[in-house]
Structures are given as C-alpha cells and as structure tokens.
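Me: I am new to this structure and would like to learn how to read it. Please take me through it one feature at a time.

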Amino acid sequence: MKRNKTTARAVMFAILVVYIVFLAFPLVWLVSTSFKPAVEIFTRQATIFPRRLTLENYRDALGEEQILRSVGNSFKVSTLSALATLGIAMPGAYVLARRQTSVNKLVAGWILTSQIFPTILIIVPLFLLLGRASLVNTHLGLIGVYVVWSLPFVLWMLQGYVRGVPVELEEAAAVDGANNLQIVSHIVAPLVLPGLVATGLYAFINAWNEFFFGLVLLKDPDLMTIQVHLARFRGIEGLARWGPLAAGSIIATIPSLIVFAFLQRGLVSGLLSGSVKQ
Amino acid sequence: MPSLVPIMLLSVLPLARGIYLGFTDYTLGAEGPHFNFMGNHLYMLSDYQFWESFRIGAAWTLAVTTGEIVLGLGLALLLNAGLPLQGLARVLILVPWAMPPVIKGLVWRLVYHPDAGLLNRALTSLGLTRQPINWLSDFAWALPAVIIVGIWTGLPLTTVVLLGGLQTIPVELKEAAALDGASLWQQFRYVTLPLLIPVLVAISSLQFMWNFNSFGLVYVLTEGGPAGRTRLPMLFAYEEAFRYGNFGYAAALGNVMVMVVGIALLYYVRSQYLSTKG
C-alpha cells in the first residue's frame with residue numbers, strides 16, 4: 001500500500017515535470033538562442049547551454065537604431081497612457097466605491113460584458129475619428145486608444161482598492177472641514193497608493209505588450225513600438241538574424257516578466273472577484 | 001456622477017459607433033457612412049471567406065478552450081497535491097502568461113521552423129519523420145500547430161484560477177468522503193468537481209471570449225495562412241478594414257462575432273446552471 005502511494009507520487013511528479021518543460025521551455029530556448037553565436041544557432045546538434053557564450057546579439061540589437069528607438073517609443077506610449085488612464089479612472093472609481101447605487105451594478109455588468117466585444121469594433125470608429133483629427137500615425141492617437149482600451153479593467157481594479165479605505169477616515173476629515181477634493185487628495189489617495197501603483201503597472205504592461213492597435217495606427221517605422229517592430233522581422237531576413245531578434249525579444253519581455261512577477265496575485269484575485277462574484 | 005461622464009464618453013460611445021457602422025456601407029474614401037440596414041449581413045451569407053473564417057474560428061476556439069480547461073485542471077490538481085518543489089513549479093508554469101503575444105509568436109516560429117526548428121530536429125533524431133515538416137505552411141498542420149500555441153498561451157491563467165478554486169475547497173470534505181470509503185477518483189468526481197463548477201464556468205467563459213476574439217498570436221505565427229487555413233474572424237475583419245478599406249463590412253463582422261459568442265455563452269452558462277440545479 002505504502003509503495004503504491006510512492007509510485008503514484010513519482011508518476012504525478014513526472015507528469016508535472018512534463019508540464020513545466022512544455023510551458024517554460026520556449027522561453028529557456030529563446031534566452032539560450034540570444035546568447036549563442038550565429039554559427040551555433042543553426043547547427044544540427046543544438047544544446048540548451050551555448051557552447052560559447054556571446055553578448056554580440058545584444059550588442060547588435062542595442063546597436064541598431066530602430067530597436068532602441070522602438071523601445072523608447074513603447075516606453076513613452078505605455079507610461080503616458082498608464083498615467084492618463086489612472087487620472088481619468090480615479091475620480092470615477094471613487095464614486096463607484098463610495099455610492100452603493102444601481103449605477104454600480106450597471107458598471108460592473110458593463111465591464112464584464114465589454115470583454116465580449118472584439119477589438120475591431122473599437123478600432124474602426126476610433127481609427128476614423130483619429131483620421132479626422134489627423135492623429136493616425138501619431139503617438140498621441142495611440143495613447144488615446146490605449147486609454148479607452150485599459151479603462152474598464154483599471155476602473156474595476158481601482159474601485160476595489162478604494163473600497164478597502166475605511167469610510168470613517170473620510171467622515172472624520174469632513175467633520176474637520178475638509179472639502180471633497182481635499183478628502184480625495186489628502187486622505188484617500190495616499191491610502192490607495194499601493195493600489196494605484198499596481199493598477200498603473202497593469203495599464204503600463206497592457207500597453208507595452210499590445211500589438212493590434214499599434215499595427216493599425218502606426219505606419220512610420222520611426223514611430224513604431226517594440227512589438228510592432230519585432231513582428232516585422234519575418235521570413236528570410238528574420239531567420240538570418242535570429243540572434244539579434246532573440247536578444248530584442250528578451251529585451252521586450254523583461255518589463256513584462258518583472259511586472260507579472262510583482263502583480264500575479266493581485267491580477268488573479270481581481271479577475272476572480274470580477275467574474276465569480278456570487 | 002459627473003466624474004463618470006468621461007468614462008462613458010470614452011468607453012461606451014466608440015463601441016456604440018462601431019456597432020452602428022456595421023449597418024452602413026462605409027468604405028475608405030467615402031464621404032460618410034450610409035445606413036444600409038442588413039446589407040452587410042446579406043452579403044455575408046454568400047461570402048465564402050466569411051463562412052470559412054468563422055468555421056476556423058469556431059474550431060480554434062473550441063479546441064483551445066477545451067485544451068486549456070482539461071490540461072489546466074490536471075495541472076492545478078498536480079500543483080495542489082503537495083508534491084516536491086511545489087512553490088517553484090507554481091512560478092515556472094506562469095512563464096507564457098508574462099510574455100507579450102508577439103514574442104510568443106516569434107518563439108514558436110523558432111520551434112516550428114522547418115530547418116532550424118526544435119520540433120523537426122527532435123522528430124528526425126527520433127526517426128519519426130524523414131522529411132522536415134513545414135508546420136506553419138502545411139495545409140493540414142497549420143491549424144493544429146497554432147492551436148497548440150493557443151493552449152500553451154492560456155494554460156497558466158486557467159491553471160492559476162482553477163488552483164485558486166481548489167484551495168477554497170475545505171480539506172475536511174475530502175477526508176470525510178475518504179472515511180466513507182470513497183476512492184481518489186470518487187473524491188474528485190463527487191466532492192471536488194461539483195464545488196469547482198462555478199470557477200470552471202467563469203474561466204472557460206472568459207477564455208472562450210478571449211480565444212474567439214484573438215488576433216496577435218496567430219497574426220505573428222501565420223498571418224492567417226496558408227491560403228486562409230488559420231484566418232480567424234479577427235484576422236479576416238482586420239484585412240477587410242485595413243487592407244481593403246471596407247470599414248462597414250469589418251464592423252458588421254465584429255457584430256456577428258459578438259452575436260456568435262453571446263449566443264454560445266448564453267447557452268453554455270444556462271445549461272451549466274440547469275445541470276447544477278437539477
């Protein structure tokens with residue numbers, strides 16, 4: 001009986017290892033490729049650990065003006081859109097969290113149902129609108145689209161954090177003669193700061209990883225974000241330059257890995273509280 | 001309330017406009033949209049490409065969502081079984097989740113590459129294939145190949161959510177069942193699974209919506225090819241809008257996508273609800 005149990009656990013562990021290899025191996029392979037010299041990438045006897053470690057792929061990737069510029073573009077667009085989204089969502093989140101009205105349920109329902117709409121229904125009207133305002137092929141236009149896109153979930157996350165601030169604190173401040181604006185900026189904002197940071201990081205990485213809107217809106221290679229730029233490396237040219245491409249891909253993944261490691265718990269609980277509320 | 005106005009303006013209006021455009025004949029360069037009621041939808045009925053892309057979209061969505069749920073449930077059970085290195089395993093399985101969609105596509109292009117790809121090398125060295133298979137350009141293999149990547153992408157989030165669900169089930173319940181002589185399988189079938197149903201329904205519904213509306217991953221992998229074999233509805237709508245300038249038709253495709261997903265989900269959630277009641 002005891003032995004049966006040990007065998008069963010060994011089998012289970014073996015299956016778990018298969019899962020982990022399937023899920024994590026592609027990234028390991030990408031990292032390994034990014035440190036290999038060109039000749040080693042295409043040899044028949046490929047190894048996980050490069051026989052000769054080299055940084056030349058990273059030097060090539062970073063030496064390329066286009067890649068550096070696209071990383072800069074991504075950074076600019078993601079940061080500004082995250083800040084704008086927070087600024088627009090914060091007052092709304094406060095109202096939602098503090099007033100138990102039917103509006104609240106309406107907004108919660110809206111955020112869930114908005115998941116059903118394909119992005120084509122958002123981008124077509126926005127593309128036409130931005131075209132009329134001559135904002136197609138500009139960073140400002142892309143930032144606007146990212147704000148629209150991130151807003152529902154950001155609003156939802158933020159109102160959850162505001163709910164965590166005891167309403168008594170605000171009442172005390174009101175008794176002391178603080179007006180609404182002062183209450184939000186002096187009492188609520190400092191207390192929800194960790195929530196603001198987490199939500200801001202979410203909005204940042206949402207924009208950093210985004211591809212479709214960037215592909216549609218940006219035509220000028222100098223304006224492209226890192227995702228759009230890397231996706232253009234395809235076919236023969238892409239294959240010939242796998243080393244630098246792998247290095248560029250690692251550079252594009254690092255911000256996302258860091259933020260996800262940091263936010264993982266919050267994102268899951270936020271999603272669960274939104275979706276399986278009884 | 002006024003603080004909710006910008007949110008309404010930014011998130012509801014564009015969508016309403018997008019839905020309206022689906023009932024117009026708007027194309028690139030036209031002066032303005034003309035309402036043509038069901039014109040786009042009538043055209044769709046005789047559009048071979050429409051039927052083909054929605055058929056492929058349905059196959060992709062069902063296969064990926066089912067794969068995510070079945071494999072995710074297995075993995076969540078393994079991660080909840082107290083095996084060695086559990087903490088490390090729970091982090092490692094998150095890797096694909098944190099990677100930007102474009103990079104996921106690029107990594108798997110490397111894996112599937114006909115000459116330099118890992119998969120062909122592994123198969124030839126095991127003696128399973130003689131000719132290298134060009135997975136992403138092969139008429140028979142392209143769709144299964146992208147489905148595998150789709151499952152790989154969604155597995156971490158599905159697993160984490162299901163693991164969260166498993167952890168809320170009190171251990172005492174299973175112990176009581178074990179005392180009554182229930183086997184491991186019976187404990188799972190009659191204790192764990194029924195209690196997990198709400199979480200299962202929630203995550204599979206979300207994944208179903210996300211998968212049906214998915215774009216970036218398959219665009220980077222195949223651009224919808226070969227000959228439209230992996231052209232999901234979103235890729236088709238993207239081409240109609242931004243390659244051919246048929247904005248009205250693309251928005252109409254978006255509307256039909258909403259209807260297809262909406263009806264499927266309604267039916268699914270209702271049947272789950274009825275089965276748990278009865």
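Me: What area is buried between domain 1 of chain A and domain 2 of chain A?

Reply: The size of an interface is often given as the accessible area lost when the parts come together. Here buried area is the accessible area (1.4 Å probe) that two parts lose on being put together, summed over both. Between domain 1 of chain A and domain 2 of chain A it is about 960 Å², of which carbon and sulfur atoms give 69%. Leu30(A), Ser34(A) and Thr54(A) supply 47% of the area that domain 1 of chain A buries against domain 2 of chain A, more than any other three residues.

Me: What should I know about the model and its numbering before going on?

Reply: This is a predicted model, in which local features need pLDDT of at least 70 and side-chain atom pairs count only at pLDDT 80 or more, while totals for chains, interfaces and linings use all residues. Residues are numbered from 1 along each chain as its sequence is written, chains are lettered from A and ligands numbered from 1 in the order in which they are written, and side-chain values use heavy atoms, with hydrogens and water left out.

Me: Where do the two domains of chain A begin and end?

Reply: Domain bounds come from an automatic or database domain assignment. For chain A that assignment gives domain 1 as 1–54 and domain 2 as 55–275. Contact means heavy atoms within 4.5 Å, and by that rule 13 residues of domain 1 of chain A touch 12 residues of domain 2 of chain A.

Me: How many salt bridges and polar contacts are there between these domains?

Reply: A salt bridge is a side-chain nitrogen of Lys or Arg within 4 Å of a carboxyl oxygen of Asp or Glu. A polar contact is a pair of N or O atoms within 3.5 Å; within protein, one must be able to donate a hydrogen and the other to accept it, and residues adjacent in sequence count only if both atoms are side-chain atoms. Between domain 1 and domain 2 of chain A there are 0 salt bridges and 4 residue pairs in polar contact, both residues at pLDDT 80 or more. On the side of domain 1 of chain A that touches domain 2 of chain A, the largest share, 5 residues, comes from α1(A).

Me: How many helices and strands does each chain have?

Reply: Helices (H or I, at least four residues) and strands (E, at least two) are DSSP runs, numbered from the N terminus. Chain A has 14 helices and 0 strands. Chain B also comes to 14 helices and 0 strands.

Me: What part of each chain is buried?

Reply: Buried means under 20% relative accessible area, exposed over 50%, and partly exposed in between (1.4 Å probe, protein chains only). Of the 278 residues in chain A, 50% are buried; of the 278 residues of chain B, 54% are. A single case is His229(A), in helix α12 (residues 226–231) of chain A. His229(A) counts as buried because its relative accessibility is 8%. Leaving aside neighbours within four places in sequence, His229(A) is in contact with Gln66(A), Ile67(A) and Ser70(A).

Me: Which residues other than glycine have a positive phi?

Reply: Ser134(A), with phi of about 55°, is one of them. Ser134(A) lies in the loop between α6 (120–132) and α7 (139–163) of chain A, and counts as exposed because its relative accessibility is 58%. Glu223(B) is another, with phi near 55°. Glu223(B) sits in the loop between α12 (216–222) and α13 (233–242) of chain B, and at 31% relative accessibility is partly exposed.

Me: How many residues of each chain take part in the contact between chain B and chain A?

Reply: Chain B gives 82 residues and chain A gives 75 residues. The area buried between the chains is about 7,200 Å², of which carbon and sulfur atoms give 81%. Leu15(B), Leu110(B) and Arg121(B) supply 9% of the area that chain B buries against chain A, more than any other three residues. Arg121(B) is also among the buried residues of helix α8 (residues 118–125) of chain B.

Me: How many salt bridges and polar contacts link the chains?

Reply: Between chain B and chain A the count is 0 salt bridges and 8 residue pairs in polar contact, both residues at pLDDT 80 or more. Helix α14 (residues 247–277) of chain B gives the largest share, 9 residues, of the side of chain B that touches chain A.
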